[in-house]
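I opened a fresh page in my notebook today to look up how some parts of this structure are arranged. I began with a sheet, and then turned to helices and cavities.

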Amino acid sequence: MTRASQLILVVLGAAVLLVSLALIWIRDVPLDRQASTWVAEARAQQNPSAGHLYLLGLDAAAEPMSAGQARLAEYRQWRATHSPFDDSFQPAPLRQLDIPKLAAPHDQPSCLEPVRNAAHLEQGRELLARYRQAARLADLRRLIASELAEPWPNYAALVAGNRLLALEACRLLLDGQPEQARALLEEDLGHWRRHLAASDSLIQKMIVAQLVAGDIGTLGALYQQALIERPSPQPALTAAERSLQSAMQSEFVMQANGFAAMRDDPTFITDKGRLALQLLYKPNMSSNTILPHYLHIAAASQLTASEFAGWLREQPQPPLHRDWRNPIGNILAAVAGPDLRQYLARLHDLDARIQLFNRLNTLAPGFTAAQALSATAEGNPYGAGPARLLEANPPQLCYDGPLADPKHRRCLPLLGRAVPATIGSASR
């Protein structure tokens with residue numbers, strides 16, 4: 001073989017090697033089996049539940065279901081003429097329902113302010129009716145794959161409805177109907193616990209947990225003031241009520257859809273260049289990188305409160321598998337998102353409030369702070385010791401937990417005679 005022939009073979013071999021390396025570098029990988037399953041399940045759903053549509057229109061002056069359907073239809077019409085990576089959707093202005101501004105917290109209903117309460121109830125009469133209807137609906141789940149630009153319900157209106165329900169209970173008390181007031185709140189609590197177990201988005205799960213905590217706080221406050229008979233004990237949260245499996249699937253699919261659309265984003269292409277993007281960014285690889293984080297949180301949501309506290313102490317973090325062929329994706333995957341552990345803690349904190357509620361309700365109204373502390377010496381679901389008195393207005397009885405609790409989610413206020421003259425502050 002001549003020298004020229006040998007040189008040609010070397011050049012051809014080098015060219016084949018370079019092409020092979022280029023193809024290996026550019027090639028993305030398939031989605032992980034679990035990632036593929038989650039994405040496929042989300043895409044198989046074409047329509048949200050009727051309850052979700054009702055929530056979409058909850059704050060509209062028009063009939064809620066019609067308004068919710070119109071909002072979703074407007075978004076889908078816009079999406080049909082815009083690329084998947086465009087998140088600039090702005091809904092058309094819609095006449096809003098009159099929603100009163102209620103400053104009083106759920107667990108301190110102003111039952112002794114009938115004039116102001118009556119004004120709030122008159123202003124919020126339609127919202128309260130809608131709130132109660134939403135609670136009674138069979139299904140409030142989103143069901144469909146979510147997108148960043150898609151309209152969400154005005155959950156602030158739902159929280160306002162819960163506060164109006166507390167005022168409605170006060171109105172019944174002033175009308176001499178304490179049994180009806182208690183039944184109203186306990187019925188509402190039952191509805192929202194059912195929705196808590198079924199919620200399939202992270203934001204809805206947290207809002208519904210807030211509504212459950214609100215009803216617990218109102219019932220406890222009214223009983224402490226001897227305004228209602230002893231409420232029924234509440235069972236601890238079930239595994240379904242604590243689970244974030246569906247919520248983590250929703251969060252992951254939203255991220256995976258974003259990664260997939262980003263490769264064709266004109267802004268991204270202009271910034272990086274199409275060839276560079278092909279070489280440096282792999283959407284599926286990026287999705288596979290973040291999947292363990294969501295699976296990790298979903299699995300941790302099955303832990304009990306004491307197990308969760310131990311899980312936090314271990315600081316478990318699934319490793320990010322960074323592939324050298326996906327430098328842009330590695331950066332995107334490593335960008336700090338919300339600390340999902342705090343959402344797990346909120347559900348366990350709700351369980352702590354339920355335990356306080358049950359234990360304080362074993363006492364007769366007018367109990368002292370010492371009696372309250374004795375009744376709550378046990379029962380902390382985190383296993384973090386007895387309840388403590390926290391200096392506030394009014395004072396709060398709180399269980400300690402592994403994370404800070406600035407909003408007193410694992411507390412209940414002490415009202416009336418239970419307020420001590422001197423109070424120490426809780427450690428956390």
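**Entry on the sheet**

I looked first at the open sheet of this predicted model, where three strands follow the order S1-S2-S3 and the pairing is antiparallel. I then noted that strand S1 (388-390) and strand S3 (411-413) stand at the edges, each with a single partner strand, so one side of each is left without a neighbour in the sheet. I also looked up the twist, and on average neighbouring strands of this sheet are turned by 30 degrees against each other, direction ignored. As a reminder to myself, I wrote that the strands of a sheet pair through backbone hydrogen bonds, either parallel or antiparallel.

Which residue of S2 is the bridge partner of Leu389? I found that this partner is Leu397, and that S1 and strand S2 (residues 396-398) pair over three bridges in the antiparallel sense.

I next asked what lies across S2 and S3. I noted helix H17 (residues 341-360) there, and it runs at about 45 degrees to S3.

**Entry on two helices**

I turned to helix H2 (residues 33-44) and helix H11 (residues 245-262), which pack at an angle of about 90 degrees, while their axes are 9 Å apart. Angles of 65 to 115 degrees count as roughly perpendicular, and therefore I recorded H2 as roughly perpendicular to H11.

I then listed the residues that meet: on the H2 side they are Ala35, Trp38, Val39, Glu41, Ala42 and Arg43, and on the H11 side they are Gln245, Met248, Gln249, Phe252, Val253, Ala256 and Asn257. When I sorted the residues of this contact of H2 with H11 by character, I had eight nonpolar, three polar and two charged.

**Entry on the cavities**

How many cavities of 30 Å³ or more does the structure hold? I noted two of them, and the largest cavity has a volume of about 60 Å³. I added a general remark for myself, that rolling a probe the size of a water molecule over the atoms shows where empty space is left.

I wrote down the lining of the largest cavity as Arg132, Ala135, Arg136, Leu165, Leu184, Glu187, Asp188 and His191. Helix H6 (125-136) and helix H8 (178-198) each supply at least two residues of this lining, and the largest share, four residues, comes from H8. Sorted by character, the lining of the largest cavity divides into three nonpolar residues, one polar and four charged.

Notes:
Residues numbered from 1 in each chain as written. Predicted model: local features only at pLDDT ≥ 70, side-chain atom pairs only at ≥ 80, totals over all residues. Heavy atoms only, no water. Axes fitted to C-alpha atoms, helices over the stretch in contact; angles between N-to-C directions. Parallel < 35°, antiparallel > 145°, perpendicular 65-115°, else oblique. Contact = heavy atoms within 4.5 Å. Nonpolar A, V, L, I, M, F, W, Y, C, P; charged D, E, K, R; others polar. 1 Å grid on protein atoms, 1.4 Å probe; cavity = no way out; pocket = protein on both sides within 12 Å on 5 of 7 lines; lining within 4 Å. Points joined across faces, edges and corners; volume = space filled by probe spheres on them. Pairing = 2+ DSSP bridges.
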